[in-house]
Amino acid sequence: MKNIAILGSTGSIGTQTLEVIKDNPGLLRAFMLTANANAYLLIQQAIEFVPEYAIICDESKYAQVKDALAHLPIKVLAGYNAIKEMVTHADIDIVLTAMVGFAGLEPTINAIKAGKDIALANKETLVVAGEMITSLAKKHNVKILPVDSEHSAIFQCLAGEEDNQIEKIIITASGGPFRGKSTDFLSSVTREQALKHPNWVMGAKITIDSASLMNKGLEVIEAKWLFDLEADQIDVIVHPQSIIHSMVQFADGSIKAQMGLPDMKLPIQYALTYPGRVQNNFKRFSFVDYPNLSFEQPDTDTFRNLQLAYEALNRGGNMPCIINAANEIAVAAFLNNTTGFLAMSDIIETCMQQIVYIEKPSLTDYLNTDKETRIFAQNLIHKTPLKALQS
């Protein structure tokens, strides 16, 4: 039995993780559930799974959660500091990090220092501080098990290939809802259009990132640290059907691919039950249903975020931290209808140009860079009329 701490249990990954746990009662247990502000869903999850701990980050909702769970043997805590502290609990085996954005960094660091294996769904952790996180994981003999479908695919392709040289990896992208669209079209798209992903059901932030190709850019940076690669060893290819989740090309030219229907529960289950493969009832892929699998180059002239991410990766230092923070602010503004779809790239690029670059950042530098970038990006949005941002 593995005790699982789910950071972000009320989000898309968190809820699907609980489905996997429910399907494997003899193998997995929800030991700790945390939510940012969705007290209602956290309460419902805690009643069903009866974890040891339920933590609501929004302290104003502590009483609501505590009162609702008073009849159960669940310890209820509140606040971000409680999450950072409790991930070190001696009885936790795996910490699944599904918190959105930069907030996942410090709890992940604390969990690694406590020797907990990490099922990583929070890609921003490696984007922001990849060198620090991977060094800590080696120091504390901790496994980082990728949950993103693309990185899980690469991880699975590398099983048994530890002594073989990787020539490159190929990360697939669906292209999102706007594949093939022009800048003229994108200048006036709405949040509702951008949230209609053709293949995946995800949270709002990652869905917008997918539509802008920033999600793929963040995955490129994450892959560099997960698999110890250089930028020129990481390719991105658009694969609209989302059946091949990613590929690895070895030194002899042979390519291995991991395939399956687009269902996040499979990579979640693989991470939680690794190194074994556990029987499940997930829908199976059939080649008859998908007689044609197609591929095309990403359009980085129209979808500039992917190229900006490669630039940040090549620059290194705190530059990935800058693009991550700027992107989080830009996406929030787009979701709030205060900036345009194309303007998100302009905001990110301006932050990359204006925020002070640090070649070898410390944790304090990352925290300060994140804060400074968010303030700068917010001011940039507020000072620029929406019409100008959309042009």
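Here are three short exercises with worked solutions on the structure above.

The model is predicted, so local features need pLDDT of at least 70 and side-chain atom pairs count only at pLDDT 80 or more, while totals for chains, interfaces and linings use all residues. Residues are numbered from 1 along each chain as its sequence is written, and side-chain values use heavy atoms, with hydrogens and water left out.

**Exercise 1. Work out the surroundings of E150, a residue in an annotated site.**

Step 1: begin with the record. UniProt, in an unreviewed entry, gives the feature "binding site" at K123, S149, E150, S174, H197, S210, N215, K216 and E219. UniProt positions follow the numbering used here, feature names are shortened, and annotations may be inferred rather than shown by experiment.

Step 2: place the residue. E150 belongs to helix α7, residues 149-157; helices (H or I, at least four residues) and strands (E, at least two) are DSSP runs, numbered from the N terminus.

Step 3: is E150 buried or exposed? With a relative accessible area of 9%, E150 is buried (buried is under 20% relative accessible area, exposed over 50%, partly exposed in between, using a 1.4 Å probe and protein chains only).

Step 4: list the partners. Beyond neighbours within four places in sequence, E150 is in contact with I171, T172, K216, E219, H245 and S246, where contact means heavy atoms within 4.5 Å.

**Exercise 2. Do the same for S174, another residue of that site.**

Step 1: S174 sits in the loop between β8 (166-173) and α8 (183-186).

Step 2: the relative accessibility of S174 is 10%, so this residue counts as buried.

Step 3: leaving out residues up to four places away in sequence, S174 touches R179, H197, N199, S210, V238, H239, P240 and S242.

Step 4: what does the side chain of S174 reach at 3.0 Å? The backbone nitrogen of G176.

**Exercise 3. Describe the environment of V87.**

Step 1: V87 is located in the loop between α4 (80-86) and β5 (94-97).

Step 2: the relative accessible area of V87 is 0%, and therefore V87 is buried.

Step 3: which residues does V87 touch, not counting those up to four places away in sequence? They are L7, M32, I92, V95, P107, N110, A111 and K116.

Step 4: check one distance. V87 and I112 are 25 residues apart along the chain, and their C-alpha atoms are separated by 9.1 Å.

Terms used: Polar contact = N/O pair within 3.5 Å; in protein donor to acceptor, adjacent residues only side chain to side chain.
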